[in-house]
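Colleague: Could you open the model and go through the enclosed spaces with me? I'd like to start with one particular lining and move on from there.

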Amino acid sequence: MSQPASAPPIRAVFLDFMGTCLDWHSSVVRALPASLTEEARSDLALVWRQAFFDDIRSRPPGEAPEDIDVVHERLLKRLLEEGPRTDVAHAFSDASITEAVQAWHQMTAWQDVYAGLAAVREQLGVEVFVLANGTTRLQLDLVRSSGLAPVIDMLFSSQLLGVAKPTPEIYKRALDLVGLGRDGPGGAVMVAAHAYDLRAAKAVGLRTVYIRRWTDDLDETDDELLVRENDGYVLDDFAGLAEVLKKMQSASDGH
């Protein structure tokens, strides 16, 4: 759904967090058992991440969010016990599984993110919010470990909002909480490295920007489709985000 020329001014940017802003892969790979090769750890991390998204898609719309630590532990144990990664199960103990799950709480930001968000705030004067699945505790840990707190105004977790992405209600509740519900969703932009997230956001009227990250959306292989779905607003990193948002605003103004 493309935004009409009369779309309201952009007042807020909502960000997905893991993958989009944060390098989850490096953190998780470091936490997996050192007895495994780096290739095996990387492969397991990617499979684990994909299992998380598969789990999200399998849930009934509107279902109450499950604690993300519980989900990560359950999925890792399933991969090790039932496949497809039973070949590395011997390297794990209960303690190493716990350590791996906790690694999702400590991440660094991609190098382009801090400067990109600072430019967005300075050049457009908009507020920047995290809107992501997970617990508030997780988001607090991540915003601190990543060093992104100075460029983020507020954290909205699925736990806090009582519903998970991609359920439409989570986007609507976030808009209401920041005072954009009455103005219409076109005053907000969702930025993510996950097509399912942006499809859901756009369906309720938000504008969208897709960020390519090599760690995420490994099953989204049609780049032309991603470009069309996001009205051409597809980036390789955050370096050009401010310019894209200004272009988006100019287009909605009819310039």
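Colleague: Which residues line the second largest cavity?

Modeller: The second largest cavity is lined by Leu 46, Arg 49, Gln 50, Phe 53, Thr 215, Asp 216, Asp 217 and Leu 218. On a 1 Å grid over the protein atoms alone, a cavity is a set of points where a 1.4 Å probe fits but cannot get out, a pocket is an open set with protein on both sides within 12 Å along at least five of seven lines, and lining residues have an atom within 4 Å of a point. This is a predicted model, in which local features need pLDDT of at least 70 and side-chain atom pairs count only at pLDDT 80 or more, while totals for chains, interfaces and linings use all residues. Residues are numbered from 1 along each chain as its sequence is written, and side-chain values use heavy atoms, with hydrogens and water left out.

Colleague: What volume does that second largest cavity have, and how do its lining residues divide by class?

Modeller: Its volume is about 40 Å³, a volume being the space filled by probe spheres set on grid points that are joined across faces, edges and corners. The lining divides into 3 nonpolar, 2 polar and 3 charged residues, where Ala, Val, Leu, Ile, Met, Phe, Trp, Tyr, Cys and Pro count as nonpolar, Asp, Glu, Lys and Arg as charged, and the others, Gly among them, as polar. At least three residues come from each of domain 1 (12-22 + 108-251) and domain 2 (24-104), with bounds from an automatic or database domain assignment.

Colleague: Asp 217 caught my eye; what is its phi, and is it buried or exposed?

Modeller: Asp 217 has a positive phi of about 55° although it is not a glycine, and it is buried, with a relative accessible area of 9%; buried means under 20%, exposed over 50% and partly exposed in between, with a 1.4 Å probe and protein chains only. Asp 217 sits in the loop between strand S7 (207-211) and helix H10 (223-229), helices (H or I, at least four residues) and strands (E, at least two) being DSSP runs numbered from the N terminus. Asp 231 likewise has a positive phi of about 55° without being a glycine, but Asp 231 is partly exposed, with a relative accessible area of 37%.

Colleague: Back to cavities: how many are there of 30 Å³ or more, and what surrounds the largest?

Modeller: There are 2 cavities of 30 Å³ or more, and the largest has a volume of about 140 Å³. Of the 17 residues lining the largest cavity, Asp 16, Met 18, Phe 52, Ala 132 and Asn 133 are the closest to its centre. Helix H2 (38-58), helix H6 (136-146) and helix H9 (195-203) each give two or more residues to that lining, and H2 gives the most, with 4.

Colleague: And the largest pocket, which residues are closest to its centre?

Modeller: The largest pocket has a volume of about 270 Å³, and of its 20 lining residues the closest to the centre are Ile 56, Arg 59, Asn 133, Ala 164 and Lys 165. H2 supplies the largest share of this lining, 3 residues.

Colleague: What about the peptide bond from Lys 165 to Pro 166?

Modeller: That bond is cis, with omega near 10°, and Pro 166 is in the loop between helix H7 (158-161) and helix H8 (168-177). A cis peptide bond also joins Gly 83 and Pro 84, with omega about 10°.
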